[in-house]
Amino acid sequence: MKWRVILESDLETGDWAVWCPELPGCTSARETEEEALENIKEAIQLYLQPESIELAPGMIAREIIVSLSDRKI
């Protein structure tokens with residue numbers, strides 16, 4: 001799965017901030033561009049990791065797969 005990320009260098013510290021526009025709040029930062037990209041990969045994985053949920057009696061949880069090719073234009 002591919003995700004767009006935005007990198008921005010801090011002019012004062014030289015550190016790199018990185019975030020994923022499609023995942024609100026999914027951000028990271030490191031000293032080098034390469035480190036920032038590695039960190040955002042982990043941040044995206046954690047962001048997308050499903051949390052456990054408790055279901056009331058009679059409720060059923062299912063997983064589905066969604067791809068962009070399923071969209072009708």
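# Chat about a three-stranded sheet and its helix

Modeller: Three strands make an open sheet in the order 1-2-3, with antiparallel pairing. Strand 1 and strand 3 stand at the edges, each with a single partner strand, so one side of each has no neighbour in the sheet. On average, neighbouring strands are turned by 20 degrees against each other, direction ignored. Keep in mind that this is a predicted model.

Colleague: What packs on the sheet?

Modeller: Helix 1, residues 33-48. Helix 1 touches strand 1, strand 2 and strand 3. Its direction makes about 150 degrees with that of strand 3.

Colleague: How do the elements run from the N terminus on?

Modeller: The order is β-β-β-α. The chain's secondary structure comes to one helix and three strands.

Colleague: Back to the strands. How many bridges join strand 1 to strand 2?

Modeller: Four, and the two strands run antiparallel. Strand 1 covers residues 6-9 and strand 2 covers residues 16-19. Leu 7 has Val 18 as its bridge partner in strand 2.

Colleague: And the hairpin there, how many residues lie between the strands?

Modeller: Six. Gly 14 in that hairpin takes a positive phi near 80 degrees.

Colleague: What about strand 2 and strand 3, how many bridges?

Modeller: Four bridges again, in the antiparallel sense. Strand 3 is residues 27-30. Ala 17 has Ala 29 as its bridge partner in strand 3. For Trp 19, the partner in strand 3 is Thr 27.

Colleague: Switching topic. Which residues make up the largest nonpolar core?

Modeller: There are eight: Val 18, Cys 20, Leu 23, Cys 26, Ala 36, Ile 40, Ala 43 and Ile 44. Helix 1 gives the largest share, four residues.

Colleague: Val 18 came up twice. What does Val 18 touch, leaving out residues up to four places away in sequence?

Modeller: Val 5, Ile 6, Leu 7, Cys 26, Thr 27, Ser 28, Ala 36 and Ile 40. Leu 7 in that list is also its bridge partner across strand 1 and strand 2.

Colleague: Two cysteines in that core. How many disulfides does the model have?

Modeller: Zero.

Colleague: Why is there no bond at Cys 20?

Modeller: The closest cysteine sulfur is in Cys 26, and it lies 5.7 Å away, too far for a bond. The cut-off is 2.5 Å between the sulfur atoms. From the other end, Cys 26 has its closest cysteine sulfur in Cys 20, at that 5.7 Å.

Colleague: Are those two buried or exposed?

Modeller: Cys 20 is buried, at 2% relative accessibility. Cys 26 is buried too, with a relative accessible area of 3%.

Colleague: Now the whole chain. What share of the residues is buried?

Modeller: Buried residues make up 12% of the 73 residues.

Colleague: What is the radius of gyration, set against a compact globule?

Modeller: The chain has 17 Å. A compact globule of 73 residues would be near 11 Å.

Colleague: And what does the C-alpha trace span along its principal axes?

Modeller: About 55 × 35 × 15 Å.

Colleague: Last one. Among contacts between residues at least 6 apart in sequence, what share joins residues at least 24 apart?

Modeller: That share is 15%.

How values were computed
Residues numbered from 1 in each chain as written. Predicted model: local features only at pLDDT ≥ 70, side-chain atom pairs only at ≥ 80, totals over all residues. Heavy atoms only, no water. Pairing = 2+ DSSP bridges. Buried < 20%, exposed > 50% of the residue type's maximum accessible area, 1.4 Å probe, protein only. Axes fitted to C-alpha atoms, helices over the stretch in contact; angles between N-to-C directions. Contact = heavy atoms within 4.5 Å. Core = buried A, V, L, I, M, F, W, Y, C linked by side-chain atoms within 4.5 Å. Rg over C-alpha atoms; globule rule 2.2 N^0.38 Å.
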